[in-house]
Amino acid sequence: MQRRVSPAFYVVAILYSLVSLVPFVWSIYTSFKPTAGVYDTWVPLSKLTLQSYKYLLTSPQVSFMQWLLNSVIVAVIVTIGNLIVNTLAGYAFARFRFPAKGPLFMVFLAVMMIPGQVVLVPMYILLAHLGWINTYQGLTIPFLMSPFMIFLTRQFFLGMPNELEEAAKVDGLGPWGIFFKIFLPLSRPLIATQTIFTFQGNWNSFLWTSLLESSQNMYTLPVGLNNLYGQYNAYWNQVLAGVLLLTIPMIIIFFIFQRQFVQGISTSGIK
Amino acid sequence: MKRQRPQTRNRFDQAMAGYLFLLPAIVSLCVFLIGPIFYALYISFFHFSFLDPQNKQFIGVRNYIHLFADPLFLRALWNTTLYAIVVVPVQTAIALFLALIVNNLKGRTFFRIVYYLPTVTSTVATSLMFMFIFEPQGLVNNFLKLFGIHGPNYFNSPTFALPSIMAIAIWSSVGQYMIIYLAGLQDLPAEVYEAAALDGATGWRLLRYITLPLLKRTTFLNVVLSLIGTFQVFDQMDVISQGTGGPLNSTLSVVLDLFNQAMSQNMGYASAIGFVLFVIILLLTFIQKFFFERNDEAGV
């Protein structure tokens with residue numbers, strides 16, 4: 001399907017790149033403006049300053065570093081937990097025979113259809129009873145499993161050849177050995193996709209985190225920033241500096257894993 | 001008999017391993033999803049305040065009936081529907097258009113990354129970025145001024161607030177659907193195109209009669225994912241209106257209403273909203289499926 005491409009295609013593609021990028025560029029530019037010049041369209045390069053970043057990262061009035069730390073802790077725990085829980089479950093559905101496998105899998109599929117907001121109220125009540133509001137437990141433990149990722153994992157392991165398993169059996173490996181020594185080392189693309197999706201989802205999570213965090217010290221970055229905007233909405237340079245500090249880690253991860261990221265999206269697309 | 005023993009042993013081992021591998025997922029499923037779903041259903045039949053659960057009052061389906069007489073909920077439902085009706089087709093169309101364009105270009109990876117960046121960015125971040133861009137004296141209005149247009153105060157205007165949020169949503173999700181389309185395009189069989197080319201089909205006709213029909217499954221997936229996503233919209237509405245759904249409830253979404261009802265201790269009522277949302281999403285998915293499958297049979 002290689003054919004000559006009209007230059008008009010390039011023009012359109014580049015124009016849309018601008019649409020995609022300008023909001024970021026404008027936010028970066030604004031975050032370096034001094035407070036007095038935030039609304040000036042053009043501030044000369046010599047007037048640009050790091051003041052809003054310094055303020056965010058050091059001012060005792062904003063616990064930005066604490067929010068960042070909370071975000072990292074929560075996202076890392078949830079990601080690792082999901083990797084373990086989902087991979088084990090997906091593997092069991094793909095590769096083991098046991099009674100009630102079909103019905104159990106149907107339950108996971110059915111739950112996938114239910115929007116998470118349905119359990120917003122009971123989850124809040126449950127976590128309040130456990131005393132987990134404003135705790136790391138509350139922000140992590142309920143989110144360690146994802147039916148969708150189990151589904152994805154199952155598809156991945158179903159696609160692997162049976163010969164692999166038979167060869168391992170001949171070599172005298174049991175079910176655990178086959179998983180840990182044969183299949184797990186081969187599932188790097190699956191691990192990468194899951195890591196990226198889960199990390200991204202959690203890093204950007206807002207509905208649940210704003211429900212479960214009411215004390216400043218337990219805010220994750222999105223909740224903290226929303227609050228920062230609510231309090232100092234004239235200080236756009238600070239708010240946008242915060243926005244960029246929230247965005248940059250995700251963009252770095254995206255660049256590192258870009259290939260798997262896009263593949264992950266595509267494979268999950270071909271259901 | 002001796003040969004059977006290792007086999008049953010093996011089968012038992014497999015079953016045990018299977019259950020053990022599933023154990024964490026099942027515990028989590030029961031405690032944090034299935035249990036809460038049933039509890040949500042249960043309290044949706046009660047007048048239930050979290051402050052005072054002892055005094056919960058069984059009211060049958062009154063929460064559900066009340067929903068459809070509640071101007072706030074109806075407004076939220078209307079806003080969300082409108083939001084979906086605009087966002088889903090526009091976003092799907094732009095995504096398809098960009099995928100078709102970018103598919104044959106050199107530097108495809110570059111465009112793919114650039115278009116995908118907004119999707120990676122948190123909705124809170126994109127909302128805040130655009131709130132500044134849509135300020136009365138912001139970038140958009142300064143640009144419009146070049147053409148002598150006096151732009152509105154977007155997020156304080158009941159007319160412009162929701163459309164502005166729609167624009168942000170489209171901007172931030174086009175990349176995701178474009179990637180799925182690109183994957184679909186890559187899967188199209190080359191032979192079909194060769195045959196069509198022999199028959200003299202080119203350009204527009206190729207697109208209309210070959211590419212679009214072959215992409216139907218991809219389109220179905222995109223539309224369903226997009227519909228499910230749009231009906232669950234919350235983040236943008238909450239950040240931009242600071243939780244109020246204003247101005248004049250023009251940006252109140254179903255989930256924002258649910259959230260606010262739960263926060264104001266109307267737990268049973270909030271649960272009922274959750275189930276109505278669930279039914280809507282389920283219905284839309286079935287309708288979509290029916291629609292696409294019927295077209296399949298008709299060979300359109």
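1. A quick word on terms before we start: the helices named here are DSSP runs of at least four residues, numbered from the N terminus. Keep in mind, too, that you're looking at a predicted model.

2. With that in hand, have a look at B:P247, which sits in the loop between helix 11 (235-240) and helix 12 (254-263) of chain B. The peptide bond leading into this proline from B:G246 is cis, and its omega is near -5°. Worth clicking on when you turn the structure around.

3. Chain A has a backbone detail of its own. A:A100 isn't a glycine, yet its phi is positive, near 70°. You'll find A:A100 in the loop between helix 3 (64-95) and helix 4 (101-112) of chain A.

4. Now for how the two chains meet. On the chain B side, 91 residues are in contact with chain A, and 93 residues of chain A are in contact with them. The size of an interface is often given as the accessible area lost when the parts come together. For chains A and B, the buried area is about 8300 Å², with carbon and sulfur atoms giving 78% of that. Three residues, B:F21, B:F32 and B:F132, supply 11% of what chain B buries against chain A, and no other three residues supply more.

5. What sort of polar links join the chains? There are 14 residue pairs in polar contact between chain B and chain A, counting pairs with both residues at pLDDT 80 or more. Salt bridges between chain B and chain A come to 0. On the side of chain B that touches chain A, helix 1 (residues 4-43) of chain B gives the most, with 23 residues. Sorted by type, that side of chain B has 66 nonpolar, 17 polar and 8 charged residues.

6. So where is a salt bridge to be found? Over all chains, the search turns up 1. In it, the side chains of A:R95 and A:E165 meet at 2.7 Å, N to O. Since A:R95 lies in helix 3 of chain A and A:E165 in helix 8 (residues 162-170) of chain A, the pair ties together parts that are 70 residues apart in sequence.

7. Last stop, the cavities. There are 3 cavities of 30 Å³ or more, and the largest has a volume of about 60 Å³. Residues from both chains line the largest cavity, among them A:W26, A:Y39, B:L139 and B:F132. You've met B:F132 already, as one of the three phenylalanines in point 4. The lining of the largest cavity divides into 5 nonpolar, 4 polar and 2 charged residues.

Key
Residues numbered from 1 in each chain as written. Chains lettered and ligands numbered in written order. Heavy atoms only, no water. Contact = heavy atoms within 4.5 Å. Buried area = accessible area lost by both parts, 1.4 Å probe. Salt bridge = Lys/Arg side-chain N within 4 Å of Asp/Glu carboxyl O. Polar contact = N/O pair within 3.5 Å; in protein donor to acceptor, adjacent residues only side chain to side chain. Helix = DSSP H or I, 4+ residues; strand = E, 2+ residues; numbered from the N terminus. Nonpolar A, V, L, I, M, F, W, Y, C, P; charged D, E, K, R; others polar. 1 Å grid on protein atoms, 1.4 Å probe; cavity = no way out; pocket = protein on both sides within 12 Å on 5 of 7 lines; lining within 4 Å. Points joined across faces, edges and corners; volume = space filled by probe spheres on them.
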